[in-house]
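Welcome! Here is a short guided walk through one protein model and the ligand it holds. Take a moment to look it over, and then read on.

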Amino acid sequence: MKVTVFGTGYVGLVQGAVLADVGHDVICVDVDAAKVAALQAGHIPIHEPGLEPLVKANQAAGRLRFTTDAAQGVAHGELIFLAVGTPPDEDGSADLQHVLAVARTIATHMTEPKTIVNKSTVPVGTADKVADTVRKVLETRRVALAFEVVSNPEFLKEGAAVADCKRPDRIVIGTRAPQAERQLRELYAPFNRNHDRIVMMDVRSAELTKYAANAMLATKISFINEMANLAEQLGADIEDVRRGLGSDPRIGYHFIYPGVGYGGSCFPKDVKALIHTAQSIGFTPDLLLAVESRNDAQRQLLARRIIAHYGGSLRGKTIAVWGLAFKPETDDMREAPSRYLLQSLWAAGAQVRAHDPAAMDEARRIFGERDDLVLCGSPTEALEGADALAIVTEWKIFRVPDFAQMAHALHDRMVFDGRNLYDPETITRFGLGYVSIGRAPVVGMS
Ligand SMILES: NC(=O)c1ccc[n+]([C@@H]2O[C@H](COP(=O)([O-])OP(=O)(O)OC[C@H]3O[C@@H](n4cnc5c(N)ncnc54)[C@H](O)[C@@H]3O)[C@@H](O)[C@H]2O)c1
């Protein structure tokens, strides 16, 4: 099928490449000319396992093209995907400017019927807004062309985006239009052979399903973080509690890791947008408000502990930070807990030496040159000359460090672990103090 994807970010690029890989003819359109030029030259702008060979192979096969030419994109696709960003507006609502801009672009250039498929995460009612926008432009052009607006939210996980798109758990399609349903069933048939993954529903339910899914996952994280805080105060160990809790198949082990709070480009903005939607219709989302406020507190926790350990000021102290990306296997630092940590450490007067296996360029782009930040080429280099270590992202490479060397490198022999990577008994045997989440701190053993 001929497919056009507007937006070549984490969602659009991966989805475009995966659709091309099963034989569809895909054009990806982006307004970012530098990004398009890079993609045309075979450079992949994001870190996502398996993406580079997939893009290159399909580009070489002529099934995947990149352009800034919106008119060409609109002419090409019988299905036109919207995969542009929906960042939070000042009031927390989803900013629909990019979605509606693409709607106007499509309506400006279309000369035959189109099916517009919205993959961006958008509030309930957005499909109607997109349809209104398209209708108005068509009216001004004085042309009568049929079109449908379908909701097809994306559930991929950054860090496993290619695998998720190739083998989706479910394909939610929100439309009541038989022709659009037929087109999407045909498009996704190659992903739907083992068993039926398609969940058909009306467009509003599809829009809400995406927010409900992310809100549920954020709730699990805030729940376990709340239990971790309780565990500390009650003298329990959250890691034991987690294992006891997750073994119940009704609960499961996923998303009950205590830590430094949820971050990334989706959960914080989607929880906020859903709160905003609820409040805008006079509904008080008690649970979502609590999920958000627990998370706000949680992402300050590690910094608060480090600062408290040093008596309120970090002047003259150097803190090594392991992990900048919001989670492993990505370079995405949008709303990353590391950013909150770094800001607090700097505000308290600390110098920071940081390392991340994938997000160094992104960190350089975000923070620029500053005297109080050294970006280091390896985890060990980050420890050199540091007083203490803070761990923010659970990359595999941080899981089995050389504790003896760590104890030797860190002047104050302190590890503040926001991801509970280590067994307290093991690490403290090396003379390191260890403060983690939801477990009794072990300080001053050396
Ligand atoms: N990142 C994820 O893990 C994920 C998962 C599921 C859903 N989503 C949702 O998918 C949407 C896209 O997310 P993302 O992370 O891929 O965003 P992103 O910021 O990585 O990419 C968005 C892209 O859209 C482009 N763009 C903006 N306006 C445009 C226009 N008028 N025409 C063409 N391109 C335009 C931008 O230049 C950018 O390249 C969001 O609504 C997000 O909530 C994201």
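## Neighbouring strands and the ligand

Ile 80 stands opposite Ile 116 in strand S5. What you are looking at is a predicted model, and this pair of residues is a handy place to start. Strand S5 covers residues 114-118, and four bridges join S5 to S4, with the two strands running parallel. To get from S4 to S5 the chain passes through H5, and this β-α-β crossover is right-handed.

Now look along S4 itself, which spans residues 79-82. Which way do its side chains point? Leu 79 and Phe 81 point one way, Ile 80 and Leu 82 point the other way, and all are buried.

S4 also pairs with strand S1 (residues 2-6), in the parallel sense and over four bridges. Here Val 5 is the residue that stands opposite Phe 81 in S4.

Let us move on from S5 to strand S6. Five bridges join S5 to S6, and these strands run parallel. Ile 116 stands opposite Val 149 in S6. The path of the chain from S5 to S6 leads through helix H6 (residues 126-141), and this β-α-β crossover is right-handed. How many of the five residues of S6 are buried? Four of them are, so S6, made up of residues 147-151, is largely enclosed by the rest of the structure.

### Around the ligand

Next, turn to the ligand. It is surrounded by 27 residues, and the closest are Asp 30, Lys 35, Thr 86, Glu 158 and Lys 269. By character, the residues of this shell divide into 10 nonpolar, nine polar and eight charged. Helix H1 (10-21) and helix H5 (97-109) each supply at least two residues of the shell. You have met H5 already, on the way from S4 to S5.

The table lists some distances between an oxygen atom of the ligand and an N or O atom of the protein.

| Residue | Part of the residue | Distance to a ligand oxygen atom |
|---|---|---|
| Lys 35 | N or O atom in the side chain | 2.6 Å |
| Thr 86 | N or O atom in the side chain | 2.6 Å |
| Thr 121 | backbone N or O atom | 2.9 Å |

How much of the ligand does the protein cover? On its own the ligand has 840 Å² of accessible area, and the protein covers 88% of that.

### Stops along the loops

Several loops have residues that reward a look. In the loop between H6 and S6 you will find Arg 142. Its phi is near 55°, a positive value in a residue other than glycine. Is Arg 142 buried or exposed? Its relative accessibility is 76%, so Arg 142 counts as exposed.

Asn 420 also has a positive phi, of about 50°, although it is not a glycine. This residue sits in the loop between strand S13 (414-417) and helix H17 (424-429). With a relative accessible area of 11%, Asn 420 is buried.

Gly 418 is found in the loop between S13 and H17 too. Its relative accessibility is 0%, so Gly 418 counts as buried. What lies across from it in space? Val 392 is 26 residues away from Gly 418 in sequence, while the two are 5.3 Å apart in space, C-alpha to C-alpha.

Beyond S6, in the loop that leads to helix H7 (161-166), is Phe 155. Phe 155 has a relative accessible area of 16% and is therefore buried, since the cut-off for that word is under 20%. Between Phe 155 and Lys 119 there are 9.4 Å in space, C-alpha to C-alpha, and the two are 36 residues apart in sequence.

The last stop is Thr 175, in the loop between strand S7 (171-174) and helix H8 (178-188). At 5% relative accessibility, Thr 175 counts as buried. A polar atom of the Thr 175 side chain lies 3.0 Å from the backbone nitrogen of Ala 177.

Terms used: Residues are numbered from 1 along each chain as its sequence is written. This is a predicted model: local features need pLDDT of at least 70, side-chain atom pairs count only at pLDDT 80 or more; totals for chains, interfaces and linings use all residues. Side-chain values use heavy atoms; hydrogens and water are left out. A residue is near a molecule or strand if one of its heavy atoms lies within 4 Å of it. A polar contact is a pair of N or O atoms within 3.5 Å; within protein, one must be able to donate a hydrogen and the other to accept it, and residues adjacent in sequence count only if both atoms are side-chain atoms. Accessible areas come from the Shrake-Rupley method with a 1.4 Å probe; for residues, only the protein chains shown count as cover. Ala, Val, Leu, Ile, Met, Phe, Trp, Tyr, Cys and Pro count as nonpolar, Asp, Glu, Lys and Arg as charged, and the others, Gly among them, as polar. Buried means under 20% relative accessible area, exposed over 50%, partly exposed in between (1.4 Å probe, protein chains only). Two strands pair if DSSP finds at least two bridges between them. A crossover is right-handed if, with the strands pointing away from the viewer, the path from the first strand over the helix to the second runs clockwise.
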